[in-house]
Amino acid sequence: MKISLVGLSGCGKTSIYATTFAFKKPEDTEKFAPTVMYEVRNHPYLGLNVSIFDFGGQEQYRESYLEKTEVFKETDILIPIIDLHDKDSFQEASNYFSKIVNVFQSFEKKPRIVIFYHKYDSKNFEKEALEVNYQEAKKIIGEIFKDWDYKEYKTSIYDQEQLSMIFRDLLVANYKDLQKQVENTQDLLKNINAKIIISDINGNVIVHNVSGISTGLQLRADLRDFISSCNTLRENFFRSDSVKFAGSTEESEKEMNIYIFKYILSVLIMGENLSSKEFQDEISQLLKDMELFAQLVVKAHEE
Ligand SMILES: Nc1nc2c(ncn2[C@@H]2O[C@H](COP(=O)(O)OP(=O)(O)OP(=O)(O)O)[C@@H](O)[C@H]2O)c(=O)[nH]1
Ligand SMILES: [Mg+2]
């Protein structure tokens with residue numbers, strides 16, 4: 001699956017990639033140098049290989065893509081990004097996007113389009129001007145994509161939770177029936193009295209009810225390593241598709257369980273008295289759903 005990030009230089013493409021997929025904090029991006037040509041990064045998600053193409057936005061590079069348009073080919077999701085802090089760039093961004101639209105019109109395969117009105121935050125920027133700029137940008141950019149079926153979001157690297165959810169939804173949308181499952185699970189988690197994180201084996205968080213557990217899409221490093229080790233043991237020791245690991249202590253009622261379903265999905269549960277009958281009843285529906293979720297993913301890969 002190919003995701004193409006396009007926009008003028010400095011609009012925030014590399015920053016979005018780095019904070020969502022590569023563990024960077026928003027502050028780390030302040031020193032980023034402009035991207036030379038384009039960079040491709042691969043990121044496994046639910047067993048799918050996702051390639052993120054970050055198209056450097058300096059003028060000479062933009063011209064080169066428009067000359068050698070094959071670089072855009074096979075794009076599944078096109079993400080045009082607009083810098084809301086830079087009103088003077090809207091027209092130029094719109095010219096660039098309109099040329100890109102022409103390129104895609106000449107291809108047989110049409111990508112999904114997801115517009116990011118980016119830097120929707122008041123970091124070194126006046127709050128009042130932000131809303132005015134957003135309205136202005138929407139008018140100019142909306143016109144370019146009016147004949148396309150597109151989605152749009154106001155985004156900021158300072159709202160990582162939102163950016164991760166946007167990408168999660170885009171990636172999950174690849175699998176039939178999964179979006180609905182994710183929504184149901186999100187609701188289910190709200191009412192369970194324990195910390196729960198559902199991720200894939202690579203540590204991409206899919207749903208959770210704990211704040212501060214992830215950097216972008218990715219789970220905290222210690223938990224990610226833990227899941228990865230459990231998965232290795234599942235394969236080498238248990239030789240089974242699905243397993244459960246349990247941890248507890250004498251001194252307190254704290255417990256931790258991890259379930260791995262179908263070598264693809266992990267359910268991590270942290271809380272008190274997890275082994276009690278009440279809790280096990282409470283959690284049984286969730287576990288059934290997650291087993292089904294994993295089956296759907298595996299089935300999609302087989303097709
Ligand atoms: N306030 C704010 N600043 C951002 C945001 N995203 C990126 N930036 C800043 O914008 C600047 C440029 O970001 P980059 O990610 O390098 O821009 P780019 O689109 O990759 O630029 P090129 O590689 O030249 O095409 C950096 O100083 C970032 O810190 C955001 O959401 N809000
Ligand atoms: Mg860049």
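Trainee: Why does E253 count as exposed?

Mentor: Because E253 has 12 C-beta neighbours inside 10 Å. A residue is exposed with 12 or fewer other C-beta atoms within 10 Å of its own, buried with 20 or more, and partly exposed in between, with C-beta atoms placed from the backbone. So E253 makes the exposed class. Bear in mind that this is a predicted model, where local features need pLDDT of at least 70 and side-chain atom pairs count only at pLDDT 80 or more, while totals for chains, interfaces and linings use all residues. Residues are numbered from 1 along each chain as its sequence is written, and chains are lettered from A and ligands numbered from 1 in the order in which they are written.

Trainee: Where is E253, and which residues is E253 in contact with?

Mentor: E253 belongs to the loop between β11 (243–248) and β12 (254–261). Setting aside neighbours within four places in sequence, E253 is in contact with E272 and N273; contact means C-beta atoms, placed from the backbone, within 7 Å. E59, by comparison, is 194 residues from E253 in sequence and 60 Å away in space, C-alpha to C-alpha.

Trainee: What share of the chain counts as buried?

Mentor: 35% of the 303 residues.

Trainee: How do you know whether the radius of gyration agrees with a compact globule or not?

Mentor: The rule, taken over C-alpha atoms, is 2.2 Å times the number of residues to the power 0.38. For 303 residues that puts a compact globule near 19 Å, and the chain has 21 Å, so the two agree. The C-alpha trace spans about 65 × 45 × 30 Å along its principal axes.

Trainee: What makes β2 and β6 edge strands?

Mentor: Start with the sheet: six strands in the order β2-β3-β1-β4-β5-β6, open, with mixed pairing. Strands β2 (38–45) and β6 (150–154) are its edges, since each pairs on one side only. Two strands pair if DSSP finds at least two bridges between them. Strand β5 (residues 112–118) and β6 have five bridges, in the parallel sense, and F116 stands opposite Y153 in β6.

Trainee: How many helices and strands does the chain have?

Mentor: Eight helices and 13 strands. These are DSSP runs (helices: H or I, at least four residues; strands: E, at least two), numbered from the N terminus.

Trainee: Which helix gives the most to the shell around ligand 1?

Mentor: Helix α1 (residues 13–21), with three residues. In total, 23 residues surround ligand 1, and the closest are S9, G12, P34, T35 and G57. Being near takes a C-beta atom, placed from the backbone, within 6 Å of the molecule.

Technical notes. Two residues are in contact if their C-beta atoms, placed from the backbone, lie within 7 Å.
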